[in-house]
Amino acid sequence: MTESLLGNRNINQLAFVVKDIESANVAFTKLLGIKMVEPFLTGDSTVSKVIFKGEPTDSKSKLAFLNTPTVQFELIEPDKNPGTMREFLDTVGEGIHHIAFDVDSIQKRLPVMEKSGYPVLQTGEFTSSEGRYVYVDTLDDHKTLVELLESAEPRQTEWEKPEDDSVRPLLGTNKVEQLAIVVKDLDATADAYCRLLDMEKPSIIHSGSPEVTNVIYKGKPTEGKSRYMFFNTPLIQIEFEPGDSPSTWKHHLETYGEGVHHISFVVEDMDEKMKMLEKMGYPVIQTGNFFNGKGRYAYMDTTSTYKVIIELLERFET
């Protein structure tokens, strides 16, 4: 097996573009039960040296990095100047903008990405430490952008306990298990990720019978017919799923197109967590059982606060 395009398979950051980073930071810190960090403003153009679509820009952003036991969450509030985050906010709205990889050398990896058909979208330099980044346009193939990060020293991504010992994750865990993407062509998207990560293509999993899956979408039973594919990377599992029959996946494809659909947490006492989220103003979208009957799930409409649907997963003891 040859080396992956980026030299590793470590998707170690999920980046959210938000309108109000202060409120988003408080909300995500509560969700994850982690140590509070303060957002900071990136430097001016003499420091950050941002180039967007080949042109220098005065783009600046407020950033906050929230470390979890798996992937790091990055919150980004862009200013009004041209940049990929500003463009995303204006055209798509709030949500997950990119996934990131730390690479050994951008100079080494970028030509490989460009040769593979993924041009540079934006470049810049870190303002808090010596390093640089590149966004490459992988949207068509990977349904999200990919960021390459290069640092002189390893980035601080270790999870730290909150200063207050009584603080606990809202869902009982702060370990993000999955990033799920809805796609039109499962095989084509899987092939693109196989090339990116240099991984063998996983088997397609077909949804079980309605008697097993018992899918309820917007309060009504539905066949919930679907196919899945899972890529196990070191820190997070990537799930791909087309939407075939009436379901939250099909609704997403028809309403928003291909892209990130949800993030997942494995929880205990799922009914209790569902009721808690409902009381907080986050209704249930869809529930069902795993295709093999070994667990169940619930999608909660948390997009107003967390900019993405949160899926609760409960595994049955076997």
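Two strands count as paired if DSSP finds at least two bridges between them. Helices (H or I, at least four residues) and strands (E, at least two) are DSSP runs numbered from the N terminus. The model is predicted: local features need pLDDT of at least 70, side-chain atom pairs count only at pLDDT 80 or more, and totals for chains, interfaces and linings use all residues. Residues are numbered from 1 along each chain as its sequence is written, and side-chain values use heavy atoms, with hydrogens and water left out.

**Sheet**

An open sheet of 10 strands has mixed pairing and the order β12-β15-β16-β11-β17-β20-β19-β18-β13-β14. Its edge strands, β12 (205-206) and β14 (220-221), each pair on one side only. Three of the pairings are listed below.

| Strands | Sense | Bridges | Opposite residues |
|---|---|---|---|
| β13 (216-217) and β18 | antiparallel | two bridges | Y217 and Q286 |
| β18 and β19 (295-300) | antiparallel | five bridges | N289 and R296 |
| β11 (178-182) and β17 (259-266) | antiparallel | five bridges | I181 and V260 |

The hairpin of β18 and β19 has five residues between the strands, and G293 there takes a positive phi near 75°. Helix α8 (residues 248-255) lies across β11, β13, β15 (227-232), β16 (237-241), β17, β18, β19 and β20 (309-315). The helix runs at about 150° to β17, with axes fitted to C-alpha atoms, for helices over the stretch in contact, and angles taken from 0 to 180 degrees between N-to-C directions.

**Nonpolar cores**

A nonpolar core is a set of buried Ala, Val, Leu, Ile, Met, Phe, Trp, Tyr and Cys residues joined through side-chain atoms within 4.5 Å. Buried means under 20% relative accessible area, with a 1.4 Å probe and protein chains only; over 50% is exposed, and partly exposed lies in between. The largest core has 62 residues, and F73, F231 and I263 have the most contacts inside it. A second, separate core of 16 residues includes L63, A100, Y135 and L149.

Contact means heavy atoms within 4.5 Å. Leaving aside residues up to four places away in sequence, F231 touches A190, Y193, C194, L197, M199, E200, P202, I236, Q237, I238 and F240.

**Aromatic pairs**

Rings of Phe, Tyr and Trp (its six-membered ring) pair if their centres lie within 6.5 Å; planes under 30 degrees apart are stacked, over 60 edge-to-face and the rest tilted. The count comes to 14 aromatic pairs. The pair of Y282 and Y306 is tilted because the ring centres are 6.0 Å apart and the planes stand at 55°. Y282 lies in the loop between α9 (270-279) and β18 (284-289), and Y306 in helix α10 (residues 303-306), 24 residues apart. Both Y282 and Y306 are buried. Ring pairs also link F16, F28, F73, Y282 and Y306 into a cluster.
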